[in-house]
Amino acid sequence: MNEQTTIDRTQREYSAAAKKALGRSPQLYINGEWVDSSGGETIDVEDPSSGKVVSKIVEASDKDVDRAVAAARTAFDDGRWRNMPPVARQKIMNRLADLIEEHADELAELEAIDVGKPKGMAGAIDVPGAAAHIRFCAGWAGKINGETISPYTMPGDMMFAYTLKEPVGVCAQIVPWNFPLLMACLKIAPALAAGCTTILKPAEQTSLTALRLADLIAEAGIPAGVVNIITGYGHTAGDRMVKHPDVDKVAFTGSTEIGKLINRNVTDTLKHITLELGGKSPVVVMPDVNVAETAPGVSQAIFFNSGQVCVAGSRLYAHKSVFDEVVEGMANTADFWAPRASLDPDAHMGPLVSKEQHERVMGYIDAGKRDGASVLMGGDGPGGDGYYVNPTILTDVNPQMSVVREEIFGPVVVAQRFEDLDEVVKDANDTQYGLAAGVWTKDASAAHRIASKLQAGTVWVNCHAMIDTAIPFGGYKESGVGREQGREGIEAYLETKSVIMKL
């Protein structure tokens, strides 16, 4: 009997710490305090492993958003954070990272309950990654400097010129539901290092760890009003944040569709903006690979986090000489990636985040079948409670199919053969997206040639989704605007001021 049909997907008992977090009253973190909403609306919190409602969060009103923005505006204008000595800001940020690590097990469990990702994965990747983003950016707090510049058209003995790097101001930060804690810290860390203040809105589906993070922010000693965390829907609270006249910068991670809407909305006030959007990342497998190593690697590229990853390797292009071996090797990973409840210690892949996402992914799979795609593996769900989809490989696809062109955001890969290198590069680039790509080969020269031709913000060679806080991240084309992480990620929260003085 196939292992996937014998798995007990009953969700495990929650810990006392998780139950405490789930049982808290729905409130917002504004100006250093937990406050009630001005309205009475709430949003249900579901555990996607069971489909059960386990908590409630505030649906923020316009007045709530205005109150949070006002707190951030006051905190920025009076300089309580930006004028603090960088060594003090760095120390406080590192204390926040310490607290994240001290509460790692609780945060990993809350992430698992909220998102559906395996707790083991959240504990190994999400929580350490969140702390790493805080620490890396904390180190930048004391290294933000302008420079002196020798004038080109003016006498050097008469004029003195220099630049200042100054925080951009109040930031509205909106993060997605696939990596809630990690993305929250990725957003607030550079803002804090630069001296900005923020209003963070987690996704309405997954706000638990952001709310718990607010407790740690207060405990770390970040002054009131510097970080405000509100919950609510994107089309109401998020929209209010984006359009607010007292917000100086918007940072958004999410779908390309919503990113375009946000980009249009900020044009009236020409706010600074950073957008990290969707992807349909190609993975190119050359004929010289070791299939035994490559097949599990390209499987992880798509099935990690149930395929709910903006850089997921969802378009596989394998050379015709190894295609059958590669997809067979991927099919052999079915039991490893068989979806389980998120608190199951044996889980490598959990359910999708919501009923809506489950219906979306199954809809794409059904469309692929109708369009003539063959199902090599999966293509269905194991049934029962929770929003589970089995890892899926579709073959016999063509570039006109929606499963090839559109971002599915689920554990579904479309596999295609290629013969010629120029042909596969052309096919890989034939997309509106340009977030990431992967190349698997033993030939370093070929890897460099392909990497230089792929239209993507990140290209991985013989690995996938290796993201590091020191390395810039962002997309080409409709996959985004600007870069996060690294020096570029700090610069995104800074203004450059030129000062020219006559001597």
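In this predicted model, a good place to start is Asn462, which is partly exposed, with a relative accessible area of 38%. Asn462 sits in the loop that runs between strand 18 (458-461) and strand 19 (480-481). Its backbone deserves a second look. Most residues other than glycine have a negative phi. Asn462 is not a glycine, and yet its phi is positive, at about 60 degrees. Ala465 offers a companion case, again with a positive phi of about 60 degrees in a residue that is not a glycine. Ala465 too is found in the loop between strand 18 and strand 19. With a relative accessibility of 25%, Ala465 counts as partly exposed.

From this loop, the view can widen to the whole chain. The secondary structure consists of 16 helices and 20 strands. How does the radius of gyration of the chain agree with that of a compact globule? For 503 residues, a compact globule would have a value near 23 Å, and the 24 Å of the chain agrees with this. Along the principal axes, the C-alpha atoms fill a box of roughly 75 × 60 × 40 Å. Of the 503 residues, 57% count as buried. The accessible surface of the chain amounts to about 20100 Å², and carbon and sulfur atoms account for 50% of that area.

Contacts tell how parts of the sequence come together. Taking contacts between residues at least 6 apart in sequence, 73% join residues that are at least 24 apart. One pair of residues gives a picture of such separation along the chain: Asp443 and Val289 are 154 residues apart, while their C-alpha atoms are separated by 9.0 Å. Asp443 belongs to the loop between strand 17 (436-440) and helix 15 (444-453). Asp443 is partly exposed, and its relative accessible area is 35%.

Glu106 can be read alongside Asp443. Glu106 is part of helix 4, which covers residues 104-115. Is this residue buried or exposed? Glu106 is buried, because its relative accessible area of 12% is under the 20% cut-off. Leaving aside residues up to four places away in sequence, Glu106 touches Ala17, Ala21 and Arg212. Charges can also be viewed over the whole chain, which has 48 positive and 66 negative ones. The mean positions of these two sets lie 4 Å apart.

The cysteines complete the survey. How many disulfides does the chain contain? The count comes to zero, and two cysteines help to show the reasoning. For Cys185, the closest cysteine sulfur is that of Cys137, at 10 Å from its own sulfur, so the two are too far apart for a bond. A disulfide would need the sulfur atoms to be within 2.5 Å. Cys185 is buried, with a relative accessibility of 0%. For Cys310, the closest cysteine sulfur belongs to Cys463, and because the distance is 15 Å, this pair is also too far apart for a bond. Cys310 counts as buried as well, at a relative accessible area of 15%.

Terms used. Residues are numbered from 1 along each chain as its sequence is written. This is a predicted model: local features need pLDDT of at least 70, side-chain atom pairs count only at pLDDT 80 or more; totals for chains, interfaces and linings use all residues. Side-chain values use heavy atoms; hydrogens and water are left out. Helices (H or I, at least four residues) and strands (E, at least two) are DSSP runs, numbered from the N terminus. The radius of gyration is taken over C-alpha atoms; the globule rule is 2.2 Å times the number of residues to the power 0.38. Buried means under 20% relative accessible area, exposed over 50%, partly exposed in between (1.4 Å probe, protein chains only). Contact means heavy atoms within 4.5 Å. Accessible areas come from the Shrake-Rupley method with a 1.4 Å probe; for residues, only the protein chains shown count as cover. Lys and Arg count as positive and Asp and Glu as negative; His and the chain ends are not counted. The place of a charge is taken as NZ of Lys, CZ of Arg, CG of Asp or CD of Glu.
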